[in-house]
Amino acid sequence: MSPIDVGGPALFLGADTPCVALLRPEIDPGRPEVREAAERAGVTPEEFAGPSGLWQLIADRTDGEGLEVALPEFGNAAAADFADRLLAALDDPDAEFTEALTVSGSELLRLNGRPAGAGFAFLARLTPPESAPLDVEIGPTSTADLRAELELFRRNLG
């Protein structure tokens, strides 16, 4: 199967698995590879692409556990605010920090950052409604790489 290009802003903490991602996927149902995949799945390209512009919070652990939470009441301004708070937290390379992502009054993500070498390691706790919390340990990432990821995310918000 050919890879499907998924556009939209995406913030990934963790290089692979484990990771936590905040993203707003946008799949163009008019792309040939989307039409082909939809045909194989027996659905229309629009059904396969799903709603565009819907924010999601995704977490994956190395043991196969993971969560995906749709954030229908979340917007670009809240995403930008979260990214800005993370960028500010990186200003002190020797300080631990905690940032939360709250949607509709519910804390869905609590991110605890701690200094690790020339960067930070994270413990992320996802607490989706009506589901057990999931903790994800994310190994050290350099501060420079974290800043670059956050700044790219901010630019992609438009």
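**Close-up views of a predicted model**

In β4, alanine 70 is the bridge partner of glutamine 56. That's a small detail to start from, and the views below build outwards from there. Keep in mind that the whole model is predicted.

**View 1. Here is the open sheet of 4 strands, in the order β1-β2-β3-β4.** The pairing in this sheet is antiparallel. β1 (10-13) and β4 (66-71) stand at the edges with a single partner strand each, so one side of each has no neighbour in the sheet. On average, neighbouring strands are turned by 10° against each other, if you ignore direction. Look across β1, β2 and β3 and you'll find helix α4 (residues 143-156), which runs at about 160° to β1.

**View 2. Now we go in on β2 and β3, an antiparallel pair.** Strand β2 covers residues 19-23 and strand β3 covers residues 55-60, with 5 bridges between the two. Want a pair of residues to look for? Leucine 22 sits opposite leucine 57 in β3.

**View 3. This one shows β3 and β4, joined by 6 bridges.** These two strands run antiparallel and form a hairpin with 5 residues between the strands. Within the hairpin, glycine 64 takes a positive phi near 95°. The bridge between glutamine 56 and alanine 70 of β4, where we began, is worth finding again here.

**View 4. Follow the side chains along β4 and watch them alternate.** In a regular strand, side chains switch between the two faces of the sheet. Which residues of β4 point to one face and are buried? They are Leu67, Val69 and Leu71. Gly66, Glu68 and Ala70 point to the other face and are not buried.

**View 5. Leucine 67, a residue of strand β4, gets its own close-up.** Is leucine 67 buried or exposed? Its relative accessibility is 19%, and buried means under 20%, so leucine 67 counts as buried. Leaving aside neighbours within four places in sequence, leucine 67 is in contact with Leu57, Ile58 and Ala59, and also with Leu126, Pro128, Ser131, Ala132 and Leu134. For a sense of scale, try proline 32: it is 35 residues from leucine 67 along the chain, and the C-alpha atoms of the two are separated by 29 Å.

**View 6. On to the aromatic rings, with tryptophan 55 and phenylalanine 153 in the frame.** The structure holds 4 aromatic pairs. In this one, the ring centres are 6.0 Å apart and the planes stand at 75°, so the pair is edge-to-face. It links distant parts of the chain, since tryptophan 55 belongs to strand β3 and phenylalanine 153 to helix α4, 98 residues apart. Tryptophan 55 is buried, at a relative accessible area of 1%, and phenylalanine 153 is buried too, at 0% relative accessibility. Add Phe74 to Trp55 and Phe153 and you have one aromatic cluster.

**View 7. The last stop is another edge-to-face pair, phenylalanine 97 with phenylalanine 120.** Their ring centres lie 5.4 Å apart, with the planes at 65°. Phenylalanine 97 is in strand β5 (residues 97-103) and phenylalanine 120 is in strand β7 (residues 119-126), so to speak a link between distant parts of the chain, 23 residues apart. Phenylalanine 97 counts as buried at 10% relative accessibility, and phenylalanine 120 counts as buried at 0%.

Notes: Residues numbered from 1 in each chain as written. Predicted model: local features only at pLDDT ≥ 70, side-chain atom pairs only at ≥ 80, totals over all residues. Heavy atoms only, no water. Pairing = 2+ DSSP bridges. Axes fitted to C-alpha atoms, helices over the stretch in contact; angles between N-to-C directions. Contact = heavy atoms within 4.5 Å. Buried < 20%, exposed > 50% of the residue type's maximum accessible area, 1.4 Å probe, protein only. Phe/Tyr/Trp six-rings, centres within 6.5 Å; stacked < 30°, edge-to-face > 60°.
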